[in-house]
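This briefing is for a reader new to the structure. Please look over the sequence and the model before reading on.

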Amino acid sequence: MSEYSEQYPSLLQDEPIRSVAADRYGRSEYVRNLALGLSRFPGPGSLVVGIEGSWGSGKTSLKNMLIEQLAEIPPDKEKEKNIGEKKLSVVEFEPWVYSGSGRLMTLLFNQISRSLLGKLGGTKHAVAKTLKHVTGVEAPISDVVPTLGRLIQGFGDLGEALEPDSQDIKKLSERRDDLKWELNKSATRIIVFIDDLDRLMDDEVTDVMRAVKSVGDLPYMTYVLLYDKDSVTRSLDACCHGKGNEYLEKIVQVPIGLPEPVKEVVLDRLKEELRNIIDDQNAARTSSGSSASPSRLQDIYESCVAPFVNNMRDVNRLINEFSLRYQVLKDDVEFGDLLGITSLEVFNPDLHRWIRTSKNHLCNSEYREQANYNLYNSMTGDKGLKQYLESMPSSNPVAEARDLKAVKSLFPRVSYVVDKVDPVDGMKDQRFSTFWGDRSIFKTEHFNAYFRLVIDNGLFHEDVYKRLLIDDPLNKESLDHEHWKIVSDEYFASRVEKYAKALSAERCTKIMRYCLDLEAQLYSNFIIEYCVSLRVAVALMHAKDSADIWIETILKAIEDSDSPVSMWVAAFFAVEIHNELVSRDHLEANDSIQSYLVDKLTRIISSNVTIGHGFFDAEKWNNNLKLLCNKLKRQDFELPKDLLFGSVIEAYADVIPIVFDNDDDRCTAFNAFHCLVGDDLFVDHVFKVLTQEHDSGSGYITVSPSLKRAVTSELCQSFIDSWKTGVGIGSSDGVNRVAAYELALESGDLDEPVDIPMEQVNVLVDSWRTGKTE
């Protein structure tokens with residue numbers, strides 16, 4: 001089998017944007033207006049602006065866009081005095097970088113000094129160095145660039161005076177007065193952005209506020225503080241006797257609430273990133289990443305994801321966690337189920353832990369796809385679940401309602417028990433995989449994978465199914481036990497239906513023929529109770545919504561196969577088509593044998609296997625039935641390695657008198673059937689099919705003409721002898737039917753069904769038993 005190329009997703013970096021051009025949330029006009037207001041603030045007064053927003057709301061991105069726009073605002077030439085010196089300077093200070101240093105106030109003013117120095121550019125630095133080289137004396141920067149240089153020097157001196165080991169208050173006051181004079185003289189507006197205040201220790205937040213309002217209350221200074229208000233208020237409470245909010249209001253003159261993207265925009269971004277993950281993961285794949293219905297995915301999204309994602313940081317956290325898990329598990333889980341449980345792990349860890357420990361209560365443990373166990377049956381019975389739901393770790397009634405909705409979206413049994421209605425109206429007769437997904441979290445065998453990042457022992461990875469169905473050559477060399485383990489797995493047929501949707505008719509035909517050949521080679525023993533190829537055939541038909549042309553393609557593959565398995569598969573589809581063409585309402589009232597057999601086949605086959613075609617074309621289906629019936633009369637198939645018996649083989653015999661109207665065709669079909677089974681079993685099956693016991697048990701009705709042509713007197717005698725000696729496998733009921741047949745022959749009426757009383761049958765059987773060898 002070939003390997004798939006892996007697509008590894010890149011993580012979303014929780015990094016701010018740096019340009020208005022990169023803004024996706026409609027904040028560009030807001031940023032331009034705010035930047036203009038900051039740059040044109042009138043007069044020499046100082047200003048403190050507070051941009052308030054929660055963590056992850058995009059404060060740093062807003063700061064970067066403001067700095068970009070401030071750089072693009074044309075200078076006010078009337079205020080320019082020195083050529084080349086712009087009357088607006090921007091400084092960035094990140095106190096979090098220096099947290100724990102104990103020097104935040106010093107570092108703030110040092111950073112202003114360094115930023116102003118950096119704005120001189122290389123030319124003026126070169127002038128200062130040249131003067132030193134020529135004169136041998138280092139020239140102060142204030143001599144080289146009089147106006148801006150003195151500001152640089154002033155902020156540097158103020159920072160030095162604020163060093164923790166400096167005790168010279170007079171020196172600090174003098175340097176602050178000198179800096180005031182220079183700022184008034186320069187009239188240069190300096191805008192200082194101080195970000196991430198909410199990440200500092202409590203006393204450090206107070207230090208920065210003191211630096212801004214006390215020491216830094218200087219002419220032409222604008223401080224733009226960016227912080228989470230609740231966090232900063234708590235820090236100030238610790239240092240201001242519980243009056244942090246009042247203290248903050250005194251310092252911040254212009255508080256501005258950050259214009260966060262509306263939730264719809266945030267969720268649109270989330271959906272876009274989720275689509276990217278699906279596209280990346282499935283670039284070289286056939287499946288879409290989920291076999292569940294869109295309505296189930298939407299239910300999980302609305303219940304487990306959308307209530308918790310409120311800003312871009314939430315988006316980044318969820319996408320990063322989810323993409324890592326999805327890369328590991330890929331198709332071994334359902335996309336929506338993994339997204340829902342990952343969201344709960346990130347945003348609601350208490351509920352996630354509760355779910356993880358509640359497997360036995362939440363999962364549909366009784367469901368088995370192979371047994372055609374439907375959704376309704378697997379959910380009925382409270383078994384204490386309703387009471388157990390009261391142990392959910394919800395903090396209040398609102399949270400409880402939210403959490404219950406999330407659990408119901410992931411576990412349909414909870415939805416049934418709580419609401420007492422089926423989660424999906426009209427789905428009682430549907431398999432789980434058609435709506436809920438092949439590997440949903442509520443299935444006991446798949447539950448652990450969502451928490452351990454590994455599937456349980458005994459299950460195949462989804463890629464195993466996919467590689468076989470899509471890439472495997474499916475040739476004679478691959479008719480081995482390793483392939484049989486996969487094909488005979490109880491989930492294989494559902495994977496056939498899933499992946500065949502995107503496969504060509506040629507590939508699907510190859511899959512059908514391969515399964516027929518593989519099953520003939522490697523079924524476990526000669527007792528046939530379950531037909532893998534039959535379920536594969538039905539799955540292939542369902543994959544294309546049971547379109548007539550598609551069904552004909554699969555039936556043609558069955559007809560052309562020389563595998564003995566193709567015979568009983570053909571028989572099952574023949575009776576399905578026959579029952580559609582000749583409905584129960586059209587059966588003749590006196591044709592009691594055919595009515596009986598239709599009832600029996602409906603129970604044995606139709607309840608589990610159905611073609612399910614929607615648009616019925618009688619002419620086409622008559623042709624299909626003729627092809628299948630012709631196959632049932634042929635003996636050009638490979639003989640099985642062992643003579644067969646079992647419920648599937650018995651059902652094959654049941655089909656013959658239903659789909660064939662005349663004795664010649666029936667006898668020819670029975671002769672083909674005879675090639676698969678031993679003589680005694682052949683007799684036993686034929687008599688079960690062509691004789692009918694009265695409901696009251698008072699006797700049998702035999703169809704003598706058909707029986708006489710299908711079963712020779714030699715076969716009957718051999719059957720009786722085997723029964724008498726105890727070496728045969730014929731049943732007691734079979735012996736009674738043979739006895740009824742023998743009595744019908746003695747009556748001489750071979751053209752019509754003959755009614756034989758049970759008393760006569762018992763007498764004949766007793767006479768045979770009397771001569772039985774001990």
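In which helix does Asn64 lie? Asn64 is part of helix H2, which covers residues 59-72. The model is predicted. The points below take Asn64 first, then Leu385, then a pair of helices.

**Asn64**
- The relative accessible area of Asn64 is 7%, so this residue is buried, given that buried means under 20%.
- Beyond its neighbours within four places in sequence, Asn64 is in contact with Pro16, Ile17, Arg18 and Glu92.

**Leu385**
- Leu385 belongs to helix H18, residues 385-388.
- Leu385 counts as buried because its relative accessibility is 1%.
- Residues up to four places away in sequence aside, Leu385 touches His361, Leu362, Arg413, Val414 and Val417.
- For one of these contacts, Arg413, the C-alpha to C-alpha separation from Leu385 is 9.1 Å, while the two residues are 28 residues apart in sequence.

**Helices H19 and H20**
- Helix H19 spans residues 397-410 and helix H20 spans residues 412-419.
- The two helices pack with their axes 5 Å apart, at an angle of about 125°.
- H19 and H20 are therefore oblique to each other, as the angle falls outside the ranges for roughly parallel (under 35 degrees), roughly perpendicular (65 to 115) and roughly antiparallel (over 145).
- On the H19 side the contact involves Leu404, Val407, Lys408 and Leu410, and on the H20 side Pro412, Val414, Ser415, Val418 and Asp419.
- By class, this contact of H19 with H20 has 6 nonpolar, 1 polar and 2 charged residues.
- Val414, in H20, is also one of the residues that Leu385 touches.

Note on methods. Residues are numbered from 1 along each chain as its sequence is written. This is a predicted model: local features need pLDDT of at least 70, side-chain atom pairs count only at pLDDT 80 or more; totals for chains, interfaces and linings use all residues. Side-chain values use heavy atoms; hydrogens and water are left out. Axes are lines fitted to C-alpha atoms, for helices over the stretch in contact, and angles run from 0 to 180 degrees between N-to-C directions. Helices (H or I, at least four residues) and strands (E, at least two) are DSSP runs, numbered from the N terminus. Contact means heavy atoms within 4.5 Å. Ala, Val, Leu, Ile, Met, Phe, Trp, Tyr, Cys and Pro count as nonpolar, Asp, Glu, Lys and Arg as charged, and the others, Gly among them, as polar. Buried means under 20% relative accessible area, exposed over 50%, partly exposed in between (1.4 Å probe, protein chains only).
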